[in-house]
Amino acid sequence: MPHVTIDGLDLDAERGWTLLDAAKHLGIEIPTLCAMDGLTPWGGCRLCVVEVGTAPRSRLVSSCTYPVEEGLKVRTNSSWVIRTRKMLIELMLGSCSGSKELQDLAAKFRVEKMRYKARHDDCILCGRCVRMCAEQMMGAAIGFIGRGQDLKINTPFLKPSESCRRCGGCMEVCPVCSGRCQGPDAENDVCGRCASMTPTCSGVFDDYMCYMGSTGSCGTCVTKPVSGGK
Amino acid sequence: METSGLIRVSGCHGFCANGPLVVFVPQRFCYVKVKPSDVREIIEETVVKNNVIDRLLYRDPKTGQRFQVENQIPFYKRQLRLIMDYNKRIDPCEIRSYLAIDGYEAVIKALTRMSPEDVILEAKNAGLRGRGGAGFPTGFKWEFCRKAKGSPKYVICNADEGDPGAYMDRSVLESNPHSILEGMIIGAYAIGASVGYVYVRNEYPLAVKHIRRAIEQAYETGFLGKNILGTGFDFDVRVERGAGAFVCGEETALIRSIEGERGEPQQRPPFPATKGLFGKPTNINNVETWASVPLIITRGGSWYSHFGTRSSKGTKIFSLVGKVRNTGLVEVAMGTTFREIIFDIGGGIIDDRPFKAVQTGGPSGGCIPPEHLDSPIDYESLSKLGTIMGSGGMIVMDDRTCMVDVARYFMNFLRGESCGKCLSCREGTQRLWEVLNDICEGRGKPEDLDLIEELAHCVKDASLCGLGQTAGNPVLSTLRYFRAEYEEHIREKKCRAGVCRPLIEYQVVSDKCVGCLLCKKACPQDAISGELKKTHLIDNERCIKCGLCFAACKSGAIEHVRAREICHT
């Protein structure tokens with residue numbers, strides 16, 4: 001059993017654990033986004049970075065993918081980790097400013113400024129939906145397309161996928177749009193787009209739900225906007 | 001009188017600035033910049049009568065001296081061409097010409113007279129380090145893979161060269177593919193691998209063709225296949241073509257790509273040595289590393305370790321490009337200084353303009369300013385200077401290069417070539433580019449510098465693979481050495497190199513203008529007015545700042561100044 005030290009606490013970890021598993025076992029909280037129980041760790045959002053090794057040769061690794069190793073020293077809240085984490089949240093918020101989950105994260109980690117021009121991408125490419133579809137729903141109907149700035153998630157050749165069973169699992173696990181898809185519930189919504197006159201789904205869910213041939217079934221485009229909260 | 005001679009295609013000679021080249025063996029006369037119209041004269045004079053044609057010889061631009069013999073030319077004289085020297089001696093498509101210069105001797109020696117452990121020991125003694133950029137000691141890498149459990153084991157040749165301005169791997173692949181195969185056979189024997197892959201990008205059609213033909217011929221000759229040389233060692237090599245993603249040069253992404261998956265880097269550990277291609281132990285080395293192996297085996301590790309510095313042994317091929325006279329492929333011993341490469345071998349800067357910086361390591365590397373010209377080139381020194389060895393691109397820049405623009409260029413490259421998996425790399429490079437673009441276009445704010453510095457560190461620290469972990473370098477190194485230039489762009493809205501178009505405008509210096517009409521003819525916008533022998537005038541409303549007039553003027557009468565609308569804001 002590999003022996004690791006996390007934030008000064010010693011632990012004999014199970015073989016095959018990741019650093020995130022080990023930290024959870026000790027009750028140490030590490031923020032995560034692309035990681036989700038039931039899905040293979042992916043390490044794309046980098047939010048769960050921790051510092052491993054001893055300075056000056058220490059480095060940051062994503063705890064959700066890094067396996068426990070004998071004698072590893074881990075720090076989950078060093079100033080380096082916190083600084084990097086804050087920058088990562090700022091970057092996320094910059095691309096999907098409307099997401100409730102991201103705004104909550106920002107508030108929790110005291111990201112108080114956003115120095116980038118806000119974009120409203122509605123997808124932070126965390127890949128939860130891709131893994132959900134492939135691993136839990138056995139659909140593998142969506143995947144990553146392109147790379148770099150052109151990276152996006154969609155069905156192959158942007159055509160309705162035959163493997164898609166329209167289960168909605170992809171939308172269920174999405175951290176960015178989940179705040180918006182619950183309909184015009186003013187209390188839970190931060191983006192406020194449901195209250196606007198444009199159907200919220202048109203830009204985004206054309207590619208997913210409506211794409212899958214069940215136009216209108218998610219309900220957002222047909223629900224009448226509610227003004228002034230409840 | 002009858003003369004017989006053999007004319008044949010050879011591999012790349014490396015002196016790109018003066019190609020096409022013709023070399024006579026055994027006299028070693030070297031003709032440069034040969035045109036089809038020169039062929040008759042060459043046959044009649046040199047081939048038949050053995051006379052040298054003076055006008056085709058290389059002429060030193062500074063002294064005017066002409067050089068008859070190839071290795072007297074300063075460009076070649078100061079190099080140590082251990083690998084590149086074979087290129088011109090062989091026909092890349094003919095295994096017999098490789099065998100004629102003792103090719104595959106190293107395979108014969110290794111397979112018949114050495115144990116795999118001996119081969120690994122020899123590689124360790126040689127002190128050979130990975131030429132792909134990171135510089136991991138090759139012998140140790142082989143040993144890890146040899147000791148790893150699993151079968152079959154794989155060796156891979158990483159020929160996915162993608163740095164802008166780097167083409168040394170391509171040259172070796174095209175000119176001497178057998179040396180790579182030979183290295184791979186020896187490496188596979190040392191590791192116990194039975195299958196090899198050459199991962200080469202499809203943008204290199206000639207390289208693909210030559211390596212394929214080399215593999216075919218090696219099978220026919222019995223250096224590949226079952227029971228090689230009767231030793232009972234089996235080894236197969238396949239070519240895998242990449243679709244040109246820069247990130248696939250990263251080893252774990254390359255493995256994914258061969259497996260048929262998205263070229264996306266994976267978490268290490270587990271390292272490919274224990275869990276690589278198809279989950280089996282895999283060893284990946286760069287083209288140049290493999291090509292160095294036969295030399296080490298034939299001539300011995302201690303002979304090889306004789307070249308270079310204490311920690312970096314042997315030679316390294318650099319592709320010397322940019323604003324330097326003798327562009328081309330340069331092979332030198334490790335520890336050679338930048339000054340020797342750029343000024344002695346490279347012949348200095350074009351038009352003798354001032355040297356400003358040299359970029360090593362492509363988009364993952366950094367810029368080195370004039371004050372470090374005398375620092376030796378080895379893995380450690382470069383990393384101290386804030387750059388990396390990389391695969392060996394060396395881009396020389398003069399005073400007409402804007403360093404902010406250079407950083408923006410590389411960031412633009414990286415934001416398109418990041419695989420997009422890590423948020424830090426995908427979003428980070430995009431945001432860095434946005435801020436740099438703002439600075440170049442005159443919208444920079446004083447706080448931007450702190451922001452990009454912080455962000456560049458975050459990209460480096462938080463990303464998973466080698467691409468992301470070095471993606472901040474172009475910004476950090478230019479900030480480190482050329483901060484004043486950034487500040488000029490932000491505070492004074494001035495680009496001293498005259499590159500950032502929104503910040504400049506062109507004007508005619510009236511007392512220098514001779515009224516020759518050259519600029520007027522060059523202007524695509526008809527923005528220049530004036531008559532013969534009268535001072536010209538540029539209409540800034542029409543001017544698109546293409547700089548053609550600036551380049552066309554022979555009397556230095558066109559200069560760039562700060563744009564007026566920027567001055568007013």
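# Exercises on a two-chain model

B:W142, B:C145 and B:R146 in α6(B) meet B:G187, B:A190 and B:I191 in α8(B). Two residues are in contact if their C-beta atoms, placed from the backbone, lie within 7 Å. Helices (H or I, at least four residues) and strands (E, at least two) are DSSP runs, numbered from the N terminus.

This is a predicted model: local features need pLDDT of at least 70, side-chain atom pairs count only at pLDDT 80 or more, and totals for chains, interfaces and linings use all residues. Residues are numbered from 1 along each chain as its sequence is written, while chains are lettered from A and ligands numbered from 1 in the order in which they are written.

## Exercise 1: Two helices in contact

Decide how α6(B) and α8(B) are oriented to each other.

*Solution.*
- Step 1. Take the angle between helix α6 (residues 138-147) of chain B and α8(B): about 45°. Their axes are 8 Å apart. Axes are lines fitted to C-alpha atoms, for helices over the stretch in contact, and angles run from 0 to 180 degrees between N-to-C directions.
- Step 2. Apply the classes. Under 35 degrees is roughly parallel, over 145 roughly antiparallel, 65 to 115 roughly perpendicular, and the rest oblique.
- Step 3. α6(B) and α8(B) are therefore oblique to each other.
- Step 4. Sort the contact residues. Ala, Val, Leu, Ile, Met, Phe, Trp, Tyr, Cys and Pro count as nonpolar, Asp, Glu, Lys and Arg as charged, and the others, Gly among them, as polar. The contact of α6(B) with α8(B) has four nonpolar, one polar and one charged residues.

## Exercise 2: A second pair, and a covered helix

Work out how helix α7 of chain B packs on helix α11 of chain B, and how many residues of α11(B) are buried.

*Solution.*
- Step 1. Helix α7 (residues 168-175) and helix α11 (residues 287-299), both of chain B, pack at about 50°, with axes 9 Å apart. That angle makes α7(B) oblique to α11(B).
- Step 2. α7(B) brings B:M168, B:D169, B:V172 and B:L173 to the contact, and α11(B) brings B:V287, B:E288 and B:A291. These divide into five nonpolar, no polar and two charged.
- Step 3. Recall the helix repeat. An α-helix has 3.6 residues a turn, so residues three or four places apart point the same way.
- Step 4. Check burial. A residue is buried if 20 or more other C-beta atoms lie within 10 Å of its own, exposed if 12 or fewer, and partly exposed in between, with C-beta atoms placed from the backbone. Eleven of the 13 residues of α11(B) are buried. Among them are B:V287, B:W290 and B:I297.
- Step 5. Look past the end. B:G300 follows α11(B), and its phi is positive, near 100°.

## Exercise 3: Buried or exposed?

Classify B:D85 and B:E453.

*Solution.*
- Step 1. B:D85 lies in the loop between α2 (74-77) and α3 (95-100) of chain B. It has 17 other C-beta atoms within 10 Å, so B:D85 is partly exposed.
- Step 2. B:E453 sits in helix α17 (residues 448-462) of chain B. Its 16 C-beta neighbours inside 10 Å make B:E453 partly exposed.
- Step 3. Add distances, C-alpha to C-alpha. B:D85 and B:S4 are 81 residues apart in sequence and 25 Å apart in space. B:E453 and B:R480 are 27 residues apart along the chain and separated by 9.7 Å.

## Exercise 4: Chain B as a whole

Test whether the radius of gyration of chain B agrees with a compact globule.

*Solution.*
- Step 1. State the rule. The radius is taken over C-alpha atoms, and the globule value is 2.2 Å times the number of residues to the power 0.38.
- Step 2. For 569 residues the rule gives near 25 Å; chain B has 26 Å, which agrees.
- Step 3. Add the make-up. Chain B has 22 helices and 18 strands, and 54% of its residues count as buried.
- Step 4. Check confidence. pLDDT is the predictor's confidence in each residue, from 0 to 100. Chain B averages 93. Confidence in chain B is lowest in helix α22 (residues 564-568), at a mean of 61, and highest in helix α8 (residues 177-191), at 97. Where pLDDT is low, the predicted coordinates should not be read in detail.

## Exercise 5: Where the chains touch

Find which element gives the largest share of the side of chain A that touches chain B.

*Solution.*
- Step 1. The contact takes 26 residues from chain A and 27 residues from chain B.
- Step 2. In chain A, β4 (59-62) and α2 (79-95) each supply at least two residues of that side. The largest share, seven residues, comes from α2(A).
- Step 3. By class, the chain A side has 14 nonpolar, nine polar and three charged residues.
- Step 4. The predictor gives the complex an ipTM of 0.90 and a pTM of 0.90.
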